[in-house]
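User: Please take a close look at how charged side chains pair in this structure. Once that part is clear, set it in its surroundings in one connected account.

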Amino acid sequence: MAHYRASESRREQFRRYLEKAGVLDSLTSVLVALYEENDKPINASDFLKRHLGLSGPAPAEAEKLRSEMMEVQQQYERLLEENRGLKNRLLQYEPAQEGATL
């Protein structure tokens, strides 16, 4: 019987912890939103993750971001190469001064 009371006490402590941290309120609000959905999602777990902010971007959005990142990386490399070429051209006309860095 004492073991039952000890675990009940731990349960109550954990419940108070969840309540104090706002976890219960967050879960309740997400579950209410799911309940109020007219068209229930096929995957309720994904709905919960999305509304709790646990899921990453949608696959289409992730692919778009990957593509954009590759374009920016290529532009960066082109500009870096252009910068090197311009520095070399500048050095042909104006020799670098002592201690000066480009």
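Analyst: A helix here is a DSSP run of H or I with at least four residues, and helices are numbered from the N terminus. That numbering gives us helix H1, residues 2-21, where both Glu-12 and Arg-15 lie. Please keep in mind that this is a predicted model.

Let's begin with Glu-12 and Arg-15. Their side chains meet in a salt bridge, with N to O at 2.5 Å. A bridge requires a side-chain nitrogen of Lys or Arg within 4 Å of a carboxyl oxygen of Asp or Glu, so the 2.5 Å of this pair satisfies the rule. In sequence, Glu-12 and Arg-15 are three residues apart, about one turn of the helix.

Glu-12 also forms a salt bridge with Arg-16, and there the closest N and O atoms are 3.7 Å apart. That value still falls within the 4 Å cut-off, so the pair counts as a bridge. Glu-12 and Arg-16 are about one helical turn from each other because they sit four residues apart in helix H1.

Next comes Glu-19, which bridges to Arg-15, with the closest N and O atoms 2.6 Å apart. Why are Glu-19 and Arg-15 separated by about one helical turn? They are four residues apart in helix H1, and that spacing accounts for the turn. The general geometry is helpful here: an α-helix has 3.6 residues a turn, so residues three or four places apart point the same way. Side chains of opposite charge can then pair when their charged atoms come close.

Put together, Glu-12, Arg-15, Arg-16 and Glu-19 are linked in a network of salt bridges. For the protein, the count of salt bridges comes to five.

Is this network buried or exposed? Partly exposed is the label for each member: Glu-12 has 33% relative accessibility, Arg-15 has 36%, Arg-16 has a relative accessible area of 45%, and Glu-19 has 47%. Partly exposed covers the range between under 20%, which is buried, and over 50%, which is exposed.

Now for the surroundings. The protein has four helices and zero strands, and along the sequence it follows the pattern α-α-α-α. Of its 102 residues, 5% count as buried. The protein exposes about 9600 Å², with carbon and sulfur atoms supplying 55% of that area.

Part of the surface is a nonpolar patch of about 430 Å², made by Val-23, Leu-27, Leu-31, Leu-52 and Leu-54. Helix H2, residues 23-36, gives the largest share of the patch, three residues. Leu-31 has its place in helix H2, and it is partly exposed, with a relative accessible area of 47%. Patch residues need over 30% relative accessible area, so Leu-31 clears that cut-off.

Helix H3, residues 44-52, has Asn-43 as the cap of its N-terminal end: a side-chain oxygen of Asn-43 lies 3.0 Å from the backbone nitrogen of Ser-45. H3 is followed by Gly-53, whose phi is positive, near 80°.

Finally, the UniProt record, an unreviewed entry, lists residues 62-89 as "coiled-coil region". In the model, residues 62-89 are 100% helix and 0% strand, and the end C-alpha atoms of that stretch are 41 Å apart.

Methods:
Residues numbered from 1 in each chain as written. Predicted model: local features only at pLDDT ≥ 70, side-chain atom pairs only at ≥ 80, totals over all residues. Heavy atoms only, no water. UniProt positions renumbered as here; feature names shortened; annotations may be inferred. Helix = DSSP H or I, 4+ residues; strand = E, 2+ residues; numbered from the N terminus. Polar contact = N/O pair within 3.5 Å; in protein donor to acceptor, adjacent residues only side chain to side chain. Buried < 20%, exposed > 50% of the residue type's maximum accessible area, 1.4 Å probe, protein only. Areas by Shrake-Rupley, 256 points an atom, 1.4 Å probe, with all protein chains shown as cover. Patch = residues over 30% accessible without salt bridge, like charges linked within 9 Å, V, L, I, M, F, W, Y side chains within 5 Å.
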